Amino acid sequence: ENEECDLIDNNCSGTPDDGETCRGGCVARTFGGHVYQFCPENRNWGEAEDRCEDMSGNNSGLYVLVTIDDMAENVFLSEAARSVSDGGWWIGFTDAGGGNEGSFRWVSGSDSSYTNWADGEPNDGDSITVAEDCTELRGSGDWNDERCWNDRHFICEQAD
C-alpha cells in the first residue's frame with residue numbers, strides 16, 4: 001500500500017509518513033512514539049511554522065514545529081538532524097510578539113520547561129534594533145536564539 005500523510009505506517013516500512021508523502025525532501029524518523037519530519041529546505045522561521053502546519057494537506061493539524069520535552073529527545077533530534085544535513089534547525093520555541101521578550105514559549109502550546117541553551121544564550125543578538133526571537137537547534141545539540149527571518153532547516157513533530 002502507498003504511504004499517506006496520516007501518522008500511520010501504510011506501507012509497513014516501520015516508519016509512518018516516510019518517503020515523499022508529507023513534504024518532498026523531508027526525512028521521517030520516529031522516537032518515543034512520535035513521528036518527526038526533518039526538512040532540509042532553507043526557510044525563515046514563520047515559513048517553517050507554516051510548512052509544518054500545511055504538511056499534512058487534507059489531514060491538517062498533524063504536524064507542528066517541534067517541541068523538545070527532555071534531554072533524551074534533544075539528543076535524538078540533534079543526532080537525527082546531523083544525519084540529514086549540517087547547519088541549524090528551527091524548533092518551535094520563540095519569544096516573538098509584543099511584550100514577550102525574554103519569555104519563550106512553545107508554539108505547540110506545550111508547557112515543557114526543558115531548555116538546552118548554549119553558554120551565553122539566549123542573548124537577543126548584538127543589536128538593540130534587531131531582536132533574536134526564534135530558536136535554532138545546533139548540530140551540537142545546544143540552542144541559540146536567532147533572527148526569525150534567517151533561513152534554517154526545520155523539524156516538524158506529530159502534534160499532540
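**Exercise 1. Two odd loop residues**

Work out whether Cys12 counts as buried or exposed, and look at its phi.

Solution. Start with the cover: at 68% relative accessibility, Cys12 counts as exposed, where exposed means over 50% relative accessible area, buried means under 20%, and partly exposed is in between (1.4 Å probe, protein chains only). A quick word on ground rules: this is a predicted model, with local features needing pLDDT of at least 70 and side-chain atom pairs pLDDT 80 or more, while totals for chains, interfaces and linings use all residues. Residues are numbered from 1 along each chain as its sequence is written, and side-chain values use heavy atoms, leaving out hydrogens and water.

Next, the backbone. Cys12 isn't a glycine, yet its phi is positive, about 55 degrees. Most residues other than glycine have a negative phi. Leu7 is another case, with a positive phi near 65 degrees. Cys12 sits in the segment before S1, and Leu7 is in the segment before S1 as well. Leu7 is partly exposed, at a relative accessible area of 23%.

**Exercise 2. The overall fold**

List the order of the elements and check the radius of gyration against the globule rule.

Solution. First, count: there are 2 helices and 8 strands. Helices (H or I, at least four residues) and strands (E, at least two) are DSSP runs, numbered from the N terminus. Read from the N terminus on, the order is β-β-α-β-α-β-β-β-β-β. The radius of gyration is 15 Å, close to the 15 Å of the globule rule for 160 residues, so the protein is as compact as a globular protein of that length. That radius is taken over C-alpha atoms, and the rule is 2.2 Å times the number of residues to the power 0.38.

Then the box: along the principal axes, the C-alpha atoms fill roughly 55 × 30 × 25 Å. Buried residues make up 44% of the 160.

**Exercise 3. Helix H2**

Compare the span of helix H2 with the value expected at 1.5 Å a residue, then find what its buried residues pack against.

Solution. H2 covers residues 71-84, and its 14 residues should span 20 Å; the end C-alpha atoms are 20 Å apart, which agrees. The expected span is 1.5 Å times one less than the number of residues. At the N-terminal end, Asp70 is the cap: one of its side-chain oxygens lies 3.3 Å from the backbone nitrogen of Ala72.

The buried residues of H2 include Asn74, Leu77 and Ser78. What do the buried residues of H2 pack against? They pack against strands S1, S2, S4, S6, S7 and S8.

**Exercise 4. Neighbours in S6**

Trace which residues Leu137 and Glu136 touch.

Solution. Leu137 belongs to strand S6, residues 134-137, and at 1% relative accessibility it counts as buried. Leaving aside residues up to four places away in sequence, Leu137 touches, among others, Asn74, Leu77 and Ser78, as well as Trp89, Trp143 and Ile155. A contact here means heavy atoms within 4.5 Å. The first three of those names are residues you already met as buried in H2.

Glu136 is in S6 too and counts as buried at 6% relative accessibility. Its side chain makes a polar contact of 2.8 Å with the side chain of Asn144, and another of 2.8 Å with that of Arg152. A polar contact is a pair of N or O atoms within 3.5 Å; within protein, one must be able to donate a hydrogen and the other to accept it, and residues adjacent in sequence count only if both atoms are side-chain atoms. Glu136 also touches Trp89, Trp90 and Trp143, among others.

**Exercise 5. Strand S2 and its partners**

Find how many bridges join S2 to S1 and to S8.

Solution. S1 and S2 pair antiparallel over 5 bridges, and S2 and S8, also antiparallel, are joined by 5 bridges. Strands pair if DSSP finds at least two bridges between them. For the first pair, Val27 has Phe38 in S2 as its bridge partner. Two residues lie between the strands of that hairpin, where Gly32 takes a positive phi near 55 degrees. For the second pair, Arg43 stands opposite Arg152 in S8. S2 is mostly covered, with 7 of its 10 residues buried.

**Exercise 6. A peptide bond to check**

Inspect omega for the bond from Glu121 to Pro122.

Solution. Omega is near -10 degrees, and the bond is cis. Most peptide bonds are trans. Pro122 is in the loop between S5 and S6.
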